[in-house]
Each structure stands twice: as structure tokens, then as C-alpha cells.
Amino acid sequence: MATLSNSMIMVDGYFRAKDGKETESDTKIPPLLEVGKQHPHLKSYTFARRADGLVHWSERAETAEAYLAHLETISGYIDEAYGIRDFERIEVAGPASEIEKLKTNKYLNGAVFYETEDGWNR
């Protein structure tokens, strides 16, 4: 096992499709995953759904710069998402120096930021 990267960013968020927008919301996930595959510094990108419709997404990027580049690439998807989804929360974890680079990004407005202290990766 390797120690936790001194630059890795971890983003987790939760949303629900707006009433009547469930199918449209679902069709937007596969294109996001495909776009994410094009970013080699984006290490994982997953979506999981609870029975009551709450969707959890999780992303891991090597650095804040890599995550910001990813956000720029998917900005159109994100802008559209606000019309079909209600975002419940976004949580960002990473080293303090990396988090500072993300705090002013408009897509992370309202996010809760956590500074990583210790951990490991496989």
C-alpha cells in the first residue's frame, strides 16, 4: 500500500432528480462517465443510487488542477444538471494546499471542505 497522495482530491456529492426529471437525469450519467475516462488524472468516477432515488457520486483526482480541468470539461453538463436535479450536498477532501485552489470554484459553492490528515491508497 502507498501512503495517501499529498495532492489527491476526493469529491463526494448527493443529488435527487427533480420530479418528472428522473429519466432525463439518468440519461446524463453515462456521458459524464465517458468524458471522465478521457482525463488520466481523474482516478475514479462512480455513481450509486439508493432505493429512494438519492444518487451518490464519487470522484478522485490526482490534484486540484486535474479536478478543475475536469470541471471545465463537464461545465455544460453541470449547468444543465441544476435544471433537472436538486443537489443535497457536496463534500471535498484533500490536502489544505490543494483545497485552497478549489474553494472559489463556482461549481463547488456551498461544498464542505475537509483537510486530509492521514490515509493510504492501493
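Two strands count as paired if DSSP finds at least two bridges between them. The views below show a predicted model.

**View 1. The open sheet of five strands.** The strand order is 3-4-2-5-6, with mixed pairing. Strand 3 (42-49) and strand 6 (112-115) are the edge strands, each pairing on one side only. On average, neighbouring strands in this sheet are turned by 15° against each other, direction ignored.

**View 2. Pairing of strand 2 with strand 4.** Seven bridges join strand 2 (residues 9-17) to strand 4 (residues 55-61) in the antiparallel sense. Val11 has Glu59 of strand 4 as its bridge partner.

**View 3. Helix 2 on the sheet.** Helix 2 (residues 29-37) packs on the sheet and touches strand 3 and strand 5 (85-94). The direction of helix 2 makes about 165° with that of strand 3.

**View 4. Helix 3 across three strands.** Helix 3 (residues 64-73) lies across strand 2, strand 3 and strand 4. Relative to strand 4, helix 3 runs at about 130°.

**View 5. The largest nonpolar core.** This core has 22 residues, and Tyr67, Val92 and Leu108 are those with the most contacts inside it. Two or more residues come from each of strand 2, helix 2, strand 3, strand 4, helix 3 and strand 5. Helix 3 gives the most, with four residues. In soluble globular proteins, nonpolar side chains tend to be buried together.

**View 6. Surroundings of Leu108.** With neighbours within four places in sequence left aside, Leu108 is in contact with Tyr67, Leu71, Ile90, Val92, Leu102 and Phe113. Two of these partners, Tyr67 and Val92, are listed with Leu108 as having the most contacts inside the largest nonpolar core.

Conventions:
Residues are numbered from 1 along each chain as its sequence is written. This is a predicted model: local features need pLDDT of at least 70, side-chain atom pairs count only at pLDDT 80 or more; totals for chains, interfaces and linings use all residues. Side-chain values use heavy atoms; hydrogens and water are left out. Axes are lines fitted to C-alpha atoms, for helices over the stretch in contact, and angles run from 0 to 180 degrees between N-to-C directions. Contact means heavy atoms within 4.5 Å. A nonpolar core is a set of buried Ala, Val, Leu, Ile, Met, Phe, Trp, Tyr and Cys residues joined through side-chain atoms within 4.5 Å. Buried means under 20% relative accessible area, exposed over 50%, partly exposed in between (1.4 Å probe, protein chains only).
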